[in-house]
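Student: I am new to this structure and should be grateful for a close look at a single part of it. Please take the paired strands, and then place them beside the surface patches.

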Amino acid sequence: MSIVFRYLTRQVMISMLAVSGVLLLVFMSGRFIKYLADAAAGELAGDVLFQIMAYRFPGFLELILPLGFFIGILLAYGRMYLESEMTVLYACGVSDRQVINQTLIGSVIVMLVVGGMSLYLSPWGMKQVERIFNEQRKATEFEMLAPGRFQDLSSGERVTYTEALSNDKRELHGVFIAEYSRGEPGLTIITADVGSQFLDDKTGSRFLILEGGSRYQGMPGKLDYQVTTFDAYGLKVQAGNARDRQLDEAISTLELLSSDDPEHRAMLHWRFSLPLIVPIVTLLAVHLSRVNPRQGRFFHLLPAMLVYIVYLGLLIVARDAVEDRKVPEWIGMMWVHALFLALALWLHFGPPWLRRRRLIREGRRRA
């Protein structure tokens, strides 16, 4: 029997890893594209993108693993039903309850992994992301520049371009700056061969010192431009918003436990709910994976996914209800888990119980 159970566990885990890998690639690609767009707009430095994705990895995984395990059971056991492997196992003495128990053992491992990520790793990773975001907000325009790219800076009032940038980001080559002020008509264009950063020790202000260039000021479409050539020209560099912003996802679980804020309590319930999803969807998946060979391999996936979507949707609704104090905190989100646990138990044990009751009634009538 141990060989059979290892085979079942291996089939489920292989399917789970394959599905989770695909889902992880899709989710992380979408998020990476968003961060890439922020970097192109000058809101993020390009060298922190992979750091952010690495720190956000546990947060993606805590959501994907329960779904991957659920679909993995559906695919693995569904294939075994189609190829009559389950029929052979049942004929050899493997009971339905043994299959459920063995699958639940595998779900406990996944539940512990999800719980570790949800309660500890994911908040820690989001704390690092929060730190990076705050550092980027405090960064100056000069530090956000990237060579070979037009960047919209100073809240849309300045577009800056540089052909090359030194490794220490202290010197620019081939500088082009276009400035537009909402309070003044016209447009100012500055070109320079070299630019470097200067810090005024008295005021703490930063300046971009441009050398060997020209300044053009006037109204587009008219010929009365003012042209000024300069050997050195100072341009003040704006610093970002220095105010730190805190992400709710970055708050540690210990802080949530000691907080009375409704939003924090709802977040705490959500973190405990993610690992609880795993054993419940395991019970659902074992029953929903049963498929008739004539129905096709993926016939059972649609209703199963609808069940999972409803489950996750109700958890989100319950989280909002806890946050708005529409549901007592001692109930929290447990009513959703209890509802789907009752559904899973009924799917497994309800029909046999009804069948026994019907046979007993028929026996009594005949007696």
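Tutor: What follows describes the strands and their pairing, and then turns to two patches on the surface. The model is a predicted one, and the description should be read accordingly.

Let us begin with strand β4, which covers residues 187-199 and pairs with strand β3, residues 171-179. The two run in the antiparallel sense, and eight bridges connect them. One position at which to look is V175, which stands opposite A192 in β4. Strand β4 is also joined to strand β5, residues 206-218, again in an antiparallel arrangement, here through twelve bridges. On this side, G195 stands opposite L210 in β5. Strand β4 thus pairs with β3 and is joined to β5. As a general point for reading such strands, side chains in a regular strand alternate between the two faces of the sheet.

We now turn to the surface. V22, V26 and F27 make a nonpolar patch of about 290 Å². F27 is found in helix α1, which spans residues 2-40. F27 can belong to a patch because its relative accessible area is 45%, and patch residues must have over 30%. With that value F27 counts as partly exposed.

A second patch is positive, and is formed by R355, R356, R357, R358, R361, R364, R365 and R366. Of these, R361 lies in helix α8, residues 334-366. R361 is likewise partly exposed, with a relative accessible area of 43%, so R361 also meets the requirement of over 30%.

Note on methods
Residues numbered from 1 in each chain as written. Predicted model: local features only at pLDDT ≥ 70, side-chain atom pairs only at ≥ 80, totals over all residues. Heavy atoms only, no water. Patch = residues over 30% accessible without salt bridge, like charges linked within 9 Å, V, L, I, M, F, W, Y side chains within 5 Å. Areas by Shrake-Rupley, 256 points an atom, 1.4 Å probe, with all protein chains shown as cover. Salt bridge = Lys/Arg side-chain N within 4 Å of Asp/Glu carboxyl O. Lys, Arg positive; Asp, Glu negative; His and termini not counted. Charge placed at Lys NZ, Arg CZ, Asp CG, Glu CD. Helix = DSSP H or I, 4+ residues; strand = E, 2+ residues; numbered from the N terminus. Buried < 20%, exposed > 50% of the residue type's maximum accessible area, 1.4 Å probe, protein only. Pairing = 2+ DSSP bridges.
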